[in-house]
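Biologist: I'm new to this one, so could you pick a single part and take me through it closely? Keep it relaxed, and tell me how that part sits in the whole.

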Amino acid sequence: MYLENSITNSLHSESSQLPFSVFFYHTNSSWHWHEFLELIYCLKGTYQVWVNDSCIPCIPGDFVIIDAKEPHATKAMELDSEIMVIQVESNTFSLTFTDSMLSRYHHYFDNSTSNFQRKIQITKSDMLYHLLGDLKSEFSQKEMAFELSMKADIEKIYVYLLRNCQIRQPKIFGKQLKDLMRLQPVLDFIEMNYHKTIRQKDMAQLIFLSVASFCRLFKRVMGKTFSEYINALRIREAKRLLLVTNEKIINISISVGYDNVTYFNKVFRQKCGLSPGSYRKNADLSNTSSI
């Protein structure tokens, strides 16, 4: 576990066999990432939450949304600080909804670019305040079927985020949903193989389209070209590796799909505004001074 002797109480998916984890802690966590959505709610004191390149100051009532695979770290700024952390796995809702229903909504959470506000200030009149309070109460009291009640609360939090916390509202119903589902085998293949050479021709054949039709479909559904999408995935993974490993930049370049490190440096600079080495150095400085 990445937490540094900081957990005061916890319910982990590994031990409880639940598709979510809830825990409370009061000190620091180093840079890390994971495959699931993380929600952080500041209960006491002040915290700094670092996500990618940004530092997010948090006071009681602040609620932070961290997407899957985003590198992040936390720093308690006061001795009595405490946060509640909710980690939601992708199969949390699979026992409640059919795959076709879920496909409409997981799109909002699975995008490489977040659809949600990063930080929300919650007041006592907000539904989210009461949902988090009930989640904390169920966790503390652990009465019969408390796990089911907590799962229901998390599902309601999920709905609250969809209805109230979006930066934008992508419409993926009707024809757009049909297009997304047609493209899904390609997206799944890219997610598993972005570190390898992937040709548009092969992806077009995968879903029985001509290359021209495939390119139009991909751009229409994803909002970017095929190569832009793959580069975004590769750079996202490279940023994660730069933050959470000490691997050499040339090895990171190769591991994310760039055999030519010069080209990797060029694409990284275009996407991030600085070189991979500078990106790592800046993160190390932030980690040393603030975490």
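**A close look around Ala-145**

Modeller: Let's begin with Ala-145, which counts as partly exposed because its relative accessibility is 36%. Keep in mind that this is a predicted model. Ala-145 sits in the loop between α3 (127–141) and α4. What is odd about its backbone is the phi angle: Ala-145 is not a glycine, yet its phi is positive, at about 65 degrees. Most residues other than glycine have a negative phi.

Step on from that loop and you are in helix α4, residues 146–164. With 19 residues at 1.5 Å a residue, α4 should span 27 Å, and the 26 Å between its end C-alpha atoms agrees with that. Plenty of its side is hidden from solvent: the buried residues of α4 are Phe-146, Met-150, Lys-151, Asp-153, Ile-154, Glu-155, Ile-157, Tyr-158, Tyr-160, Leu-161 and Leu-162. To read that list, it helps to know that an α-helix has 3.6 residues a turn, so residues three or four places apart point the same way. Try it with Met-150, Ile-154, Ile-157 and Leu-161, which are among the buried ones.

Now for a second loop with a similar twist. Phe-208 lies between α6 and α7 (211–222), and Phe-208 also has a positive phi, about 60 degrees, without being a glycine. Phe-208 is exposed, because its relative accessible area is 74%. Just before that loop, Leu-206 belongs to helix α6 (residues 200–206) and counts as partly exposed at 38% relative accessibility. Leaving aside residues up to four places away in sequence, Leu-206 touches Pro-185, Val-186 and Phe-189. Pro-185 is 21 residues away along the chain, but its C-alpha atom is 7.7 Å from that of Leu-206.

As for the whole, the protein has eleven helices and ten strands. Of its 291 residues, 47% are buried. Among contacts with a separation of 6 or more, 67% are between residues 24 or more positions apart.

One helix pair shows how such parts can meet. Helix α8 (residues 226–244) packs on helix α10 (residues 261–272) at about 95 degrees, with the axes 10 Å apart, so the two are roughly perpendicular. On the α8 side, the residues involved include Ile-235, Ala-238 and Leu-242, while those of α10 include Phe-264, Val-267 and Phe-268. By class, that contact has eight nonpolar, one polar and three charged residues.

Key
Residues are numbered from 1 along each chain as its sequence is written. This is a predicted model: local features need pLDDT of at least 70, side-chain atom pairs count only at pLDDT 80 or more; totals for chains, interfaces and linings use all residues. Side-chain values use heavy atoms; hydrogens and water are left out. Axes are lines fitted to C-alpha atoms, for helices over the stretch in contact, and angles run from 0 to 180 degrees between N-to-C directions. Helices (H or I, at least four residues) and strands (E, at least two) are DSSP runs, numbered from the N terminus. Angles under 35 degrees count as roughly parallel, over 145 as roughly antiparallel, 65 to 115 as roughly perpendicular and the rest as oblique. Contact means heavy atoms within 4.5 Å. Ala, Val, Leu, Ile, Met, Phe, Trp, Tyr, Cys and Pro count as nonpolar, Asp, Glu, Lys and Arg as charged, and the others, Gly among them, as polar. The expected span of a helix is 1.5 Å times one less than its number of residues. Buried means under 20% relative accessible area, exposed over 50%, partly exposed in between (1.4 Å probe, protein chains only).
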